[in-house]
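Good morning, and thank you for the opportunity to present. Please take a moment with the structure before I begin.

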Amino acid sequence: MNNPGTIEDLVGQKYRHGFVTDIESDTIPPGLDEDVIRFISAKKREPAFLLEWRLKSFRHWLTRREPAWAKLHHPPIDYQGISYYSAPRSRGDGPRSIEDVDPKLLETYDKLGIPLHERARLAGVAVDAVFDSVSVTTTFQEKLAKAGVIFCSFSEAVQKHPALVEAYLGSVVPYRDNYFATLNSAVFSDGSFVYVPKGVRCPMELSSYFRINAAKTGQFERTLIIADEGSHVSYLEGCTAPQRDENQLHAAVVELIALRGAEIKYSTVQNWYPGDENGVGGIYNFVTKRGDCRGADSKISWTQVEAGSAITWKYPSCILRGDNSVGEFHSVAVTNHLQQADTGTKMIHIGRNTRSTIISKGISAGRAQQSYRGLVKIFPSAEGARNYTQCDSLLIGKQCGAHTFPYMEIRNPGAVVEHEATTSKISDDQLFYCRQRGLSAEDAVNVIVNGFCKQVFRELPMEFAVEAQNLLNVSLEGAVG
Amino acid sequence: MLLEVDNLHVSVAGTPILKGLSLRVGPGEVHAIMGPNGSGKSTLAHVLAGREGFEVTAGTIRFRGRDLLAMSPEERAREGVFLGFQYPVEIPGVNNIYLLRAALNAQRKHHGQPEIDALQFMRVVKEKARLMQLGEQFMSRGVNEGFSGGEKKRNEIFQMTILEPALAVLDETDSGLDIDALKVVAQGVNSLRDGKRGFVLVTHYQRLLAHIEPDFVHVLAGGRIVRTGDRSLALDLEARGYDWLTAANA
Ligand SMILES: Nc1ncnc2c1ncn2[C@@H]1O[C@H](COP(=O)(O)OP(=O)(O)OP(=O)(O)O)[C@@H](O)[C@H]1O
Ligand SMILES: [Mg+2]
């Protein structure tokens, strides 16, 4: 009989973004000390306040240790073995427009399925692409400028809008926040910057793609999004990396600030190289993402599809400071083979009538381990606060694991906090039922998994929902039989 | 010949269940299979559909002349073998008609046809849902999610009327149905009778056969077909039980 074996046989599709672009780049030798930080800062002609901040961060970092509380296992990371700056070499001072961008780079983005001009134009998406550590080009600058929206690389923002950067950088994730955020604060090389002025609805989806290319480099990007009063912005982040046998470190920081009545929707489709089926190689993804609903009636919603990386450590969070502010977290995390993910969110209720929703869908296959870790914290001041948490795990096969760590700190007796959790398996009965209707075993798994994730996919911008669905299918190919 | 089962021996977990079963279903024929609990009726249905865990130790099954046992479950389905499950499984979150459309398109692709047009598909869905008296809300709910027992059975037949299989094996589709639902299910089956399709109806009750006229009634006992007759055999069984047959064959 021609049956494709077991669930295990079906989870085993090759990573499709694992190519390396042969491109000249400026890379400094591995190692980290104050000179490296001064080098990075000088390279970017940064104002004094920023160099000071970097150095402060670095000195603090030297006193810290890696956190050990997550349910993750990996060999020690050699921070002195990493190069902290790598930039594609370009003519002159870096690209001014798409015509100035190295054609090979553009080719890379094509391979990734992001034809910078075509797709952006068609979709009305503005793309900021970060290659290794340096932002390559930003499309759609003009249309955005007309609306008063600033969307540029972080480096450019430092040059052109230093006051905004100085006012907001580190205001949500302080440099002392955690080991990886501190490291990022010292060495970050680029990232994206968005400012949406008062009352402006950003006329298009903003999007950035991150790619690690050079070997032995880390990627430390920093994203800062400020939505001024009554404004609205939706932002999507995608990421990929070449296939390498070594582990590469990615330690990013994302800070979101929503002022009175503003709304930020931040979506991530994370597809860093996950390592091979024996757990060799892959990205270590230690990321700090936090949003601050600083003003009343503001809203921040995180949607993430986490499919890649050997290790994912990430807890996009919301500080609900403003009265009536709303925080949302919608997550799909997939781990296959030997991938590990420890992910979740924190909802910190400070203002009155603040509301938060957490929908987490975890899928484990192969020998992967996955943990949901979430904190709902309600301050005494958070009169009328409400939280709803739903946390579902789907297991494919018998060797994977799912763990749930919900923490609650409720210090206002009037708060309403609900938590629901389920763990289910794709059963042989379900698979057989689908196959009896004519679906291949793989399609059957995809259909079942997509059904499981529907609640989250609904939150993604249309075209990315399709992308996310495909990504999930690829990540789980070979999972079942 | 649509289906030829010859001297079929099947073991489950090392225990022989079917012991030399033979059955021939010609185009347009309706065969009813009756028999005591545990006699192997569902086993036969599952083996026809290609379910894992059933070990065929001897015998052959041909479907339209081809070796059915060599085909994967999905290939059989695409070739036109449909199993109406005795216990249809729930698949939460997977839209009922989404699955059905994927199923139909898999079948069409297999036959070199283009995907079905969305509007046309919805038209067919509406028509068949009306026939099976399933309200619109069943279309967008998760597959069998929270359906009552009878609704699950009607949903099986609803799927069948859209997939239009060449051979339908219905495992106790009549069990747990109220009197009206029984008629609806029979209507669904009869709507597909066109002189070419074959049906194998596994049932415990002759009342289904009052609505779907069978050409043959078989009694499965001790892993083999011990008696074949027409509809009057079903009436005999209802009156007398199985003892007189199983005793005679012991
Ligand atoms: N996984 C299994 N392990 C052991 N025995 C099994 C297994 N599955 C089925 N059997 C046995 O096989 C025999 C036939 O079962 P089957 O489900 O085919 O009966 P049936 O004729 O459909 O009965 P019913 O009328 O109750 O539906 C039963 O004795 C049953 O217990
Ligand atoms: Mg049975």
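At the start of H9(A), which backbone nitrogen does a side-chain oxygen of A:Asn178 reach? It is the backbone nitrogen of A:Phe180, to within 2.9 Å. I should say at once that this is a predicted model. Helix H9 of chain A covers residues 179-187, and 9 of its 9 residues are buried. Among them are A:Tyr179, A:Phe180, A:Leu183 and A:Val187.

I turn now to the interface. How many residues does each chain bring to the contact? Chain B contributes 37 residues and chain A contributes 23 residues. As general background, interface size is often expressed as the accessible area lost when the parts come together. Between chain B and chain A, about 2500 Å² is buried, and carbon and sulfur atoms account for 58% of that area.

Across this interface there are 4 salt bridges. One of them joins A:Arg435 to B:Glu74, with the closest N and O atoms 2.7 Å apart. There are also 13 residue pairs in polar contact across the interface, both residues being at pLDDT 80 or more. On the side of chain B that touches chain A, at least two residues each come from helices H1, H2, H3 and H6 and from strands S6 and S7 of chain B. H2(B) gives the most, with 6 residues. Sorted by class, this side of chain B holds 22 nonpolar, 7 polar and 8 charged residues.

Next, the magnesium ion, which is ligand 2. Which protein atoms serve as its donors? They are OG of B:Ser42 and OE1 of B:Gln86, at 2.0 to 2.3 Å from the ion. B:Ser42 belongs to helix H1 of chain B, while B:Gln86 sits in the loop between S6 and S7 of chain B, so the pair links parts that are 44 residues apart in sequence. B:Gln86 counts as buried because its relative accessibility is 16%, below the 20% cut-off.

Finally, I draw attention to two backbone angles. In general, most residues other than glycine have a negative phi. B:Ala13, however, has a positive phi near 50°. This residue lies in the loop between strands S1 and S2 of chain B, and B:Ala13 is exposed at 78% relative accessibility. B:Gln133 likewise has a positive phi, of about 50°, although it is not a glycine. B:Gln133 is placed in the loop between helices H4 and H5 of chain B, and it is exposed, with a relative accessible area of 53%.

Thank you for your attention.

Note on methods
Residues numbered from 1 in each chain as written. Chains lettered and ligands numbered in written order. Predicted model: local features only at pLDDT ≥ 70, side-chain atom pairs only at ≥ 80, totals over all residues. Heavy atoms only, no water. Contact = heavy atoms within 4.5 Å. Buried area = accessible area lost by both parts, 1.4 Å probe. Salt bridge = Lys/Arg side-chain N within 4 Å of Asp/Glu carboxyl O. Polar contact = N/O pair within 3.5 Å; in protein donor to acceptor, adjacent residues only side chain to side chain. Helix = DSSP H or I, 4+ residues; strand = E, 2+ residues; numbered from the N terminus. Nonpolar A, V, L, I, M, F, W, Y, C, P; charged D, E, K, R; others polar. Donors = N, O, S within 2.8 Å, 3.2 Å for Na, K, Ca; no water. Buried < 20%, exposed > 50% of the residue type's maximum accessible area, 1.4 Å probe, protein only.
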